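Trainee: Please take one part of this model and go through it closely. I would like the charged contacts, and then whatever else bears on the same stretch of chain.

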Amino acid sequence: MRANRLVSLETLVGMAWKSGVPATARRQTQNSVGRLRRALVEGGAPVQVIQTQPGGYLLCADDAELDALVFADLVGNGRRAAREGNLELASAKLRSALSLWRGKALAEFDGELVWSEAARLEEQRVSVLEECLELELRQGRHHELIGELTALVQEHPLRERLWSQLVLALYRDGRRGDALAACRRARATLAAELGLDPGPELRRLEAAVLAGDKALEPARGRATSGVPRPCQLPPDVPEFTGRDGIARDLEVLFRRGQAGNALTVVTIAGTAGVGKTALAVHMAHRLRDVCPDGRLFVNLGGTSDQRADPAEVLARFLRALGVPGTEIPEGAEERAEIFRERLADRRMLVLLDNAADEGQIRLLLPGGSGNAVLVTSRSRLTGLSGARQVGLDVLAPEDAVGMVARIVGTDRVPAGAAAAGELVGLCGRLPLALRIAGARLAARPHWTLERMVGRLADERRRLDELAHGDLEVRASLSLGYRHLDQGARRLFHLLGMLRAPDFTSWVCAALLDTGVPAAEELLDRLVDAQMVDVTGSDAAGQVRYRFHDLVRLYARERAEEEAAAERTAAVTRVLGAWMALVERAHRILYGGDFAILHSSAPRWPQVLEQLASTVDADPLTWYETERLNVVAAVRQAADTVFDAPESNAALGELCWDLSATAVSLFLIRGHYEDWESTLTRSLAVTRLIGDQRGTAAMLTGLGWLDTYRHRYAHADQVLAEALGIFQELGDDHGLALTLPMVAHIDGMRGRYDAAVARHGDALDALRRIGDRGAEAFVLRSLGQVLAEAGRHKEALPYLERALEQSHMGSPRAHAEALCWLGESYLGLDDIERAEAMFLEMRTVAVRVGDLRGQAGALHGMGLIRLREGALAAALELLDRALVLTERVGRGRLEARIRLALGRLRHRRREYDEAVPHLEQAARIFEALGSPVWHAQVLAVLKEVRQGTAAVMTNL
């Protein structure tokens with residue numbers, strides 16, 4: 001700020017400490033200056049860059065080393081050229097000086113000295129800008145300056161010289177009425193803000209405009225070119241932010257095109273309100289030096305009912321290029337020829353905003369290779385040969401917060417504010433929505449971010465809240481919606497009803513109750529209109545689509561145009577389709593429709609014509625692509641039933657049936673939270689509609705989850721209620737599926753005799769019913785109970801039969817049977833057969849992606865290596881098993897692995913490493929209510945501590 005001028009030590013101290021100056025302030029300042037000098041020298045500056053002089057310090061800088069000095073030098077050169085009569089050189093120098101500015105000077109610093117210096121620099125900048133504009137007006141550039149001057153009087157409404165320049169530019173452009181209107185706006189602004197009338201210069205100018213004074217006409221011969229250099233651009237967006245990467249790439253593209261004398265065409269596509277026009281206008285201003293011969297702009301009205309006629313647009317462009325109206329031909333083709341001819345040897349930029357399609361803009365493309373074209377459209381204009389396509393998405397979270405901060409002020413949007421993150425999330429990071437929310441906050445200084453967040457939180461009112469002045473998200477979305485045909489509108493409505501985070505084309509087919517090809521045709525129309533986004537292909541090879549959050553809300557509003565019965569039927573079909581697909585995946589994984597209770601809810605089987613082969617090929621991969629949608633479907637069905645229980649019985653049955661069927665998929669991948677949330681919500685639905693069988697089925701599923709989480713007390717409670725309901729209903733299948741879980745809990749708690757007896761009862765019931773898949777599960781569970789009781793010979797027949805029946809098609813059941821056969825063979829010292837079981841188990845588990853099964857197999861192989869004394873190999877296997885358990889939820893398997901690791905470390909006399917494993921295992925088994933296993937851990941832990949004591953004694 002004071003380069004090449006002495007700055008006193010007292011000034012530096014005063015700047016560093018506004019109050020409470022410490023006694024060591026002078027020494028701290030001297031030390032800081034020393035560190036600063038060293039840093040500058042290390043960066044390549046001369047040793048004497050900061051000189052110590054009596055009373056203070058001096059920063060030595062050449063004119064080219066500081067932007068403020070470069071600015072002053074360029075301004076001096078420009079003024080010198082003006083005095084010599086070289087107006088073009090003068091204005092070029094001043095424009096170069098002004099291009100050094102990037103926003104407000106010293107905006108990131110505080111303090112009175114900075115404020116005064118910043119005010120001085122800002123005044124200097126605006127004064128130089130006024131000088132530059134004066135020079136350019138004298139050169140006859142009035143037409144291209146109108147947009148810039150319009151923006152400047154809004155930014156500096158009290159500077160009369162800018163008002164005068166705008167009035168003069170408008171008058172010289174033949175817009176006498178607009179010039180007088182500008183005079184009236186200036187008068188009203190000065191009166192409102194200062195209580196003053198305009199000064200004598202503006203008053204004289206107004207009188208001259210009224211009189212049509214010839215003296216206002218530009219002097220002949222002053223223009224630097226024989227043809228106009230129009231600038232029709234709207235003002236640049238003051239709060240433009242968040243597109244730096246795209247802007248840099250586009251600038252490089254255009255500069256390369258100009259350097260190679262190529263016509264550069266870029267199309268910017270995106271949904272309503274995403275900032276296409278803002279980016280295009282910003283780039284057009286940024287490329288002023290690349291296109292020095294002018295910049296044309298037109299809003300083609302592609303989303304309105306009155307789209308611009310290319311012939312009329314060409315007439316406007318030709319007039320701006322100096323073609324008299326009497327010389328403009330009637331036909332569009334002839335006008336296009338003259339337009340291309342006029343631009344043939346020039347470097348101009350043409351901004352075609354809001355294009356409807358390729359046909360609307362083909363005649364508006366210049367023929368000259370040195371020109372540039374920017375096109376914005378809600379459609380992807382892929383038919384323009386050689387055009388660079390840019391798809392615009394919503395802002396990144398940090399850029400979205402930054403945009404709001406620039407509108408509202410950083411003092412009201414502090415860095416890291418949680419409310420700011422919530423606000424931009426509720427706006428979907430859509431620039432239009434952010435601008436509206438920011439404008440509402442700026443207009444209401446007494447509102448906090450939290451208050452705005454609260455107003456936006458209600459989905460039913462969010463679009464109402466996102467309106468301010470002439471800006472409205474709903475209105476912007478409606479422009480694209482109006483051009484959809486009836487079929488696309490209906491699909492848009494019905495998609496708005498879904499809660500799924502994304503979707504594939506078969507969802508649209510189910511909504512419409514039609515074939516997939518017909519649904520895809522309508523879906524493509526929504527994509528072309530930027531009402532739906534393509535997110536890419538999923539792991540199952542399906543193309544996935546999604547709504548922007550605000551577009552979804554708009555679609556949900558428009559869905560009210562559909563009859564209520566049709567909306568309910570559409571949602572029911574989609575849930576029926578998910579039901580059919582989840583059922584298919586379960587049957588592939590478990591070899592049939594076993595170990596599950598179903599309702600009579602309707603399926604939409606047509607979906608299997610499209611996706612059966614995908615599900616059959618890899619049911620778990622398909623499941624992963626649809627898991628979130630299945631959970632959302634259960635939630636939506638439940639909420640619909642809660643709103644109107646009497647009229648949604650079919651949805652209620654779909655809700656609990658889908659939850660029950662999905663359990664087997666949640667189990668394999670360890671998605672326990674999804675398992676619990678779907679069952680709990682569905683249980684509330686069955687209780688509400690009085691579906692006793694559904695209630696018992698959901699309770700059984702929750703009991704099954706509790707056994708995997710080893711929450712046996714809660715499992716006892718829910719399974720007892722389920723058994724009571726099934727007994728009351730006389731539902732033998734329900735009883736047969738619930739009894740094994742009660743028996744399993746008995747076994748986990750060490751009540752082996754009771755467990756064996758209840759398993760036997762369950763087997764008898766399942767054999768009567770013919771549920772072979774559930775029978776295999778019970779056989780394996782009974783074998784497990786006997787193996788854990790040490791009765792390995794008794795366990796083998798049950799486990800072998802379970803293995804035989806699991807070959808019917810259930811990889812999960814097959815892997816579990818192999819696991820406990822391996823445990824039993826190991827218990828009988830048949831190491832070879834035990835290892836064969838665990839190796840086959842791991843192969844099966846890897847093939848189906850069963851992480852829990854892989855961990856169990858590694859645990860079993862680790863036990864074998866431990867039995868053989870191969871401790872290093874055992875350690876590697878058990879460590880890998882432990883890592884896998886962290887990915888599928890810790891519990892009983894983790895405790896067993898830690899017990900094995902404790903034994904291994906004990907044998908290696910690594911007592912310090914053994915104790916943590918054993919203590920953690922003891923805590924888990926105690927919490928699970930497994931007294932037999934808990935006792936085993938305590939016994940090993942006692943031996944380890946005795947070994948530790950012996951080592952200490954020897955020391």
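Mentor: What follows starts with one helix and the charged network that includes one of its residues, then moves to other salt bridges, the cysteines, a surface patch and two backbone angles. The model is predicted, and every value below is computed from it.

Start with helix α6, which covers residues 142-155 and has 14 residues. From the first C-alpha to the last, α6 reaches 19 Å, close to the 20 Å expected at 1.5 Å a residue. The helix nevertheless has a kink of about 30°, centred on E148. The buried residues of α6 are H142, E144, L145, I146, G147, L149, L152 and V153.

E148, at the centre of the kink, also belongs to a network of salt bridges that links R95, E136, R141, E148 and R288. One member of that network, E136, is found in helix α5, residues 112-138. E136 counts as buried because its relative accessible area is 1%, and buried means under 20%. The C-alpha atom of E136 is separated by 6.5 Å from that of S91, although the two residues are 45 residues apart along the chain.

The count of salt bridges in the model comes to 67. Three pairs can be set beside the network. In the pair of E206 and R187, the side chains meet with an N to O distance of 2.6 Å. E206 lies in helix α9 (residues 200-211) and R187 in helix α8 (residues 176-194), so this salt bridge ties together parts that are 19 residues apart in sequence. As to cover, E206 is buried at 15% relative accessibility, whereas R187 is partly exposed at 31%.

The second pair is D502 and R544, whose closest N and O atoms are 3.1 Å apart in a salt bridge. D502 sits in the loop between α21 (486-497) and α22 (505-512), and R544 in strand β12 (residues 543-546), so the pair ties together parts that are 42 residues apart in sequence. Both D502 and R544 are buried.

The third pair is local. R865 and E868 form a salt bridge in which the closest N and O atoms are 2.9 Å apart. Both residues lie in helix α38 (residues 851-868), three residues apart, or about one turn of the helix. An α-helix has 3.6 residues a turn, so residues three or four places apart point the same way. R865 counts as buried at 14% relative accessibility, while E868 is partly exposed at 45%.

Next, the cysteines. The count of disulfides comes to zero. The sulfur of C132 is 13 Å from the closest cysteine sulfur, that of C231, and this is too far for a bond, because a disulfide is a pair of cysteine sulfur atoms within 2.5 Å. C231 is likewise in no disulfide, as the nearest cysteine sulfur to it, that of C291, is 11 Å away. C132 counts as buried at 0% relative accessibility, and C231 counts as buried at 7%.

At the surface there is a nonpolar patch of about 220 Å², made by L36, L40 and L59. Of these residues, L59 is found in strand β3, residues 56-59. L59 counts as partly exposed, with 32% relative accessibility; this agrees with its place in the patch, because patches are made of residues with over 30% relative accessible area and no salt bridge.

Two backbone angles complete the tour. N354 has a phi near 60°, a positive value in a residue other than glycine. N354 is found in strand β6, residues 349-355, and is buried, with a relative accessible area of 16%. R909 also has a positive phi, near 60°, and is again a residue other than glycine. R909 has its place in the loop between α40 (892-907) and α41 (911-928), and is exposed, with a relative accessible area of 66%.

To return to the starting point, E148 is where the kink in α6 is centred, and E148 is linked with R95, E136, R141 and R288 in a network of salt bridges.

Methods
Residues numbered from 1 in each chain as written. Predicted model: local features only at pLDDT ≥ 70, side-chain atom pairs only at ≥ 80, totals over all residues. Heavy atoms only, no water. Helix = DSSP H or I, 4+ residues; strand = E, 2+ residues; numbered from the N terminus. Expected span 1.5 Å × (residues − 1). Bend = angle between axes of the 7 residues up to and from the residue. Buried < 20%, exposed > 50% of the residue type's maximum accessible area, 1.4 Å probe, protein only. Patch = residues over 30% accessible without salt bridge, like charges linked within 9 Å, V, L, I, M, F, W, Y side chains within 5 Å. Areas by Shrake-Rupley, 256 points an atom, 1.4 Å probe, with all protein chains shown as cover. Salt bridge = Lys/Arg side-chain N within 4 Å of Asp/Glu carboxyl O.
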